[in-house]
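The following exercises ask the reader to interpret a structure step by step. Each task is followed by a worked solution.

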Amino acid sequence: MEALANIESRTVNKQEKFVVLRFEDNKLYKNEMEMTFKELLEDMSKKLMPYAMFLTYKNKADSSDLVHNTIIKLINNKDKFLKHSKPMAYAKKILKNNHVDNLRKQKRMVSIEGNDIPVTNDGFHQQNFEFQQMITCLESFNETDQIILSMLGAGHSYEEIQEVVSDISLVSLRVKANRARIKLAKCMDRKL
Amino acid sequence: MNEEKQIQIIELMDDGATLENSPKLKALIDASKEAKEFYESLLVSESMLEGFFGGERRDQLNAKAKAFINEQFEKPSNVSTINFKPLIGFAIAASLGVIAFTIVNSPSEIVEPVSSVQIAYAEPETMIEEVIEEPQPIFVSGSEMETLWSTASQIANDLGVDKYQVMYAIYEANKDFFVNNDINAPRADRNYFVDLSIIETVDVSFAASEVKRHIFCHC
């Protein structure tokens, strides 16, 4: 109970710094600080990069491509993006849809393995083998947990995570985050 | 180990507590074997998360994304500042005008293209140029002729026609050159035109009767 009381008291303090994004006369404000469209895109790319990395963990280049495509789509749909009540959630949706499109395209393409061509660079297995257990665990989690854990790993604050997850209070987010961390620790304990 | 204790451990770790600097955390971990295992698993998972999503890899990707955004904003816009809509509208209108003009001015009978099977080679016909010489008009000078009858008789002989035909033609074509239109009083100062078309067409008997009538009536 004491721990929960600590969480609540800290949440009140965090609420004071609640991120505000609004569109007014073509200017964006965050925590009462003016942000240009370009700055917003940079901010967005930083926040969505961890999730993009997880979605495309097999290839580092793909995560860049995914974020770049998302940026292009956001530039093309600037008005919609800026007028959206939750721009970061909108950007996340575009990123996810992009990823699904890419997967569909890949399915239409003939795989190298299918042609019995030896794979000389298997990307993930060489570079990310040590993370295999963690990735396997993350894959079994829901999208919210995946975003929370990947963003926490990248060093983002709960307020920043809240922008991306959206439709969640800071208290609920922290509870979800703690449970996800416990779940991951237990999962990895079993795997290891 | 219940969830409450697990959350306590996480919260303490978030606040920077370690086994060395936090007796509270140490007490929680030392309380049970499960707590110790959980703490170790948590350390591993947190370290893995940071290793995969953070560090140098994250910085590289963020720098790349930033460079990409700068590139997008620095490159000239694909949208031209020139408004081509009026120009395109004008071009379409002009094209339609040309098409309409072509249709209106096209021949009413559209000549269908002849298929290659239907085309036959025709030998060029040998053209014989026939020069048709127009007869020169005949004028008779009043000063040069002795009498109208003698002149008419001479022309009639040359043309192979009757003299009454020639007389009739001269009188009909030059009535004004006769004093009071009298066929017996031609003027000497005039040139008389001999109309060959009348000579060719007029009937001999008709010409003779008319000439005789003019001679006797003096009209």
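**Exercise 1: Two loop residues**

Task: Determine whether B:Asn181 is buried, partly exposed or exposed, and then treat B:Asn180 in the same way.

Solution. B:Asn181 has 13 other C-beta atoms within 10 Å and is therefore partly exposed. The cut-offs are these: 20 or more other C-beta atoms within 10 Å of a residue's own make it buried, 12 or fewer make it exposed, and counts in between make it partly exposed, with C-beta atoms placed from the backbone. For B:Asn180 the count is 8 other C-beta atoms within 10 Å, so this residue is exposed.

The next step is the backbone. B:Asn181 has a positive phi near 60° although it is a residue other than glycine. B:Asn180, also not a glycine, has a positive phi of about 55°. B:Asn180 lies in the loop between helix 7 (163–173) and strand 2 (191–194) of chain B, and B:Asn181 is found in the loop between helix 7 and strand 2 of chain B. Helices (H or I, at least four residues) and strands (E, at least two) are DSSP runs, numbered from the N terminus.

A note on conventions: the model is predicted, local features need pLDDT of at least 70, side-chain atom pairs count only at pLDDT 80 or more, and totals for chains, interfaces and linings use all residues. Residues are numbered from 1 along each chain as its sequence is written, while chains are lettered from A and ligands numbered from 1 in the order in which they are written.

**Exercise 2: Confidence**

Task: State where confidence is lowest and where it is highest in chain A.

Solution. Begin with the whole chain: chain A averages a pLDDT (the predictor's confidence in each residue, from 0 to 100) of 75, and 66% of the residues score at least 70. Within chain A, helix 1 (residues 2–16) has the lowest confidence, a mean of 41, and helix 8 (residues 143–153) has the highest, 92. The pLDDT is below 50 over residues 1–27 of chain A, a stretch with 32 contacts beyond near neighbours in sequence; two residues are in contact if their C-beta atoms, placed from the backbone, lie within 7 Å. Where pLDDT is low, the predicted coordinates should not be read in detail.

**Exercise 3: A helix pair**

Task: Describe how helix 2 of chain A and helix 8 of chain A are placed relative to each other.

Solution. The axes of helix 2 (residues 37–55) and helix 8 of chain A come within 8 Å and cross at roughly 115°. Axes are lines fitted to C-alpha atoms, for helices over the stretch in contact, and angles run from 0 to 180 degrees between N-to-C directions. The two helices are therefore roughly perpendicular; angles of 65 to 115 degrees count as such, under 35 as roughly parallel, over 145 as roughly antiparallel and the rest as oblique.

Among the residues making this contact are A:Tyr51 and A:Phe54 of helix 2 of chain A, and A:Ile147 and A:Met151 of helix 8 of chain A. The buried residues of helix 8 of chain A include A:Ile147 and A:Met151.

**Exercise 4: The chain contact**

Task: State how many residues each chain gives to the contact, and which helix of chain B gives the largest share.

Solution. Chain A gives 32 residues and chain B gives 30. On the side of chain B that touches chain A, helix 3 of chain B supplies the largest share, 12 residues.
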